[in-house]
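Me: I have a model open and want the reasoning behind its labels. Take me through it briskly.

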Amino acid sequence: MISKKDVFIVSFGLFSLFFGAGNLLIPPLLGYNAGADWFWVALGFIITAVIIPIIGILAHAKLQGTLYDFGKKVSPIFSLLYCIIIYIIAVAIPSPRTAAATHEIAIHPSFGTDPLLTSTIYFSLVLLFVLNRSKILGFIGKFLTPLIVIILIAVIGIGLFASELTPAISQMSSPVVTGILEGYQTFDAIGAVVVGAVLIISINLKIEAPFEAKRRLIRKSGWYAGFGLFIIYAGLISVGAYFGSEISINTDLTSDMQRANLLRGISIASLGEFGNTVLSILISLACFTTAVGIIAGTADYFKGLIGNSQNVYVITSVISCVLGVVVGQLDFNSIIIVAIPVLLFIYPITIVLIILNVLPQRFSTPLVFKWVVLITFIFSIPDVIGFISPSEALSNVMSYIPLAQQSLGWVIPAISTCILVGIIQRKKA
């Protein structure tokens, strides 16, 4: 029997697995730059950083399998390649990024240590948690997440309600689109398909219940976690906007240092000098839980792929942590710059797979899957090339594609293909 306690523990655990470095650092600077338009930028950000990821969890509730099940309707080979690419991206970018953020914001300012030492200790602890994966969800849900939420609410609540600040005038031309694209940087859609698999396995290890009962548990937990993410993101964006008129940041710094300095300034303004300590604890906890979820999910996948071997789980975990130590030597901003073209390629495909998997069966046939994914891939190519090597010829081509100038040229073709293929199939039936 699934209790309310189970729902809240799973909800808190899911929230914490989502909430990592980018989730904490990106929203305040986004609000700072949006100024009076913070609501509209928050709306766009929530689409890609909350709504799509929670739909991903709902898809997991429906499938209750692995990431492989998300793409198998396209083809087994596609699904295998997609899974491998997703997991490589996950351990090569967002996981090391959590170590880089922890070092730059929480550790180096206080102790002046080398990033190699920080990332080595960091991923040693991550490995310890991952190798005890049956206890992950309970420990994170019972202890770490409540502490993260309490600190965040204190910073946001005191920052908003203890001041009489007004946001500055926005310089953004398209705040909603800016919010949507910045939401990519949280990796939450990719996180949904990765940590959702961790959620399924953790529930199966700890809770004995029928398929439908687990489905209700996952769906409720997803909605609760999504609501929590919505409140925190909107709060951080609004705090950034309202403190924009009081806190000045050096525009000559890299964007990651701007994010860190702004968040530090907000914490100190809200909680006094104690805010520095609070911020360090918050960053460390938020990043750590996300790294644990990513690496556990990756190890779970390769364990299932190669004979369900526990040795494969351990080896994958160790390799992922070693990779985290190596890539974690880069600064946070460098990791983000490397991530952008990768996200412009893989994020649209992930979004359409998530949405297609929650649609009723009659609207998401294998043929629909194949054509929508193919068209999404084709129309994502100009965005990737445009970021890596922009040219006038490419700009001319993109001018004919709706939303291409906003790096969303795949959206209309994907929707149109889904509708068109569905109509053709029903007429043939």
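Reply: Here are the labels, each set against its criterion. Note that the model is predicted.

Me: What makes the protein chain as compact as a globular protein of its length?

Reply: First the make-up: the protein chain has 18 helices and 0 strands. Its radius of gyration is 21 Å, and the globule rule gives 22 Å for 429 residues. The two values are close, so the chain counts as being as compact as a globular protein of that length. Along the principal axes, the C-alpha atoms fill a box of roughly 65 × 55 × 40 Å.

Me: Why is Ser280 called buried?

Reply: The cut-off for buried is under 20% relative accessible area. Ser280 has 14% relative accessibility, so Ser280 counts as buried.

Me: Where does Ser280 lie, and what does Ser280 touch?

Reply: Ser280 lies in helix α13, which spans residues 274-305. Leaving out residues up to four places away in sequence, Ser280 touches Ile105 and Ala106. Touching here requires heavy atoms within 4.5 Å.

Me: How much of the protein chain is buried?

Reply: Buried residues make up 55% of the 429 residues.

Me: How do you know what share of contacts joins residues at least 24 apart?

Reply: Take the contacts between residues at least 6 apart in sequence. Of these, 83% join residues at least 24 apart.

Me: What makes up the accessible surface, and how are the charges placed?

Reply: The accessible surface comes to about 18100 Å², and carbon and sulfur atoms hold 70% of it. There are 23 positive and 18 negative side chains. The centres of these two sets lie 21 Å apart.

Key. Residues are numbered from 1 along each chain as its sequence is written. This is a predicted model: local features need pLDDT of at least 70, side-chain atom pairs count only at pLDDT 80 or more; totals for chains, interfaces and linings use all residues. Side-chain values use heavy atoms; hydrogens and water are left out. Helices (H or I, at least four residues) and strands (E, at least two) are DSSP runs, numbered from the N terminus. The radius of gyration is taken over C-alpha atoms; the globule rule is 2.2 Å times the number of residues to the power 0.38. Buried means under 20% relative accessible area, exposed over 50%, partly exposed in between (1.4 Å probe, protein chains only). Accessible areas come from the Shrake-Rupley method with a 1.4 Å probe; for residues, only the protein chains shown count as cover. Lys and Arg count as positive and Asp and Glu as negative; His and the chain ends are not counted. The place of a charge is taken as NZ of Lys, CZ of Arg, CG of Asp or CD of Glu.
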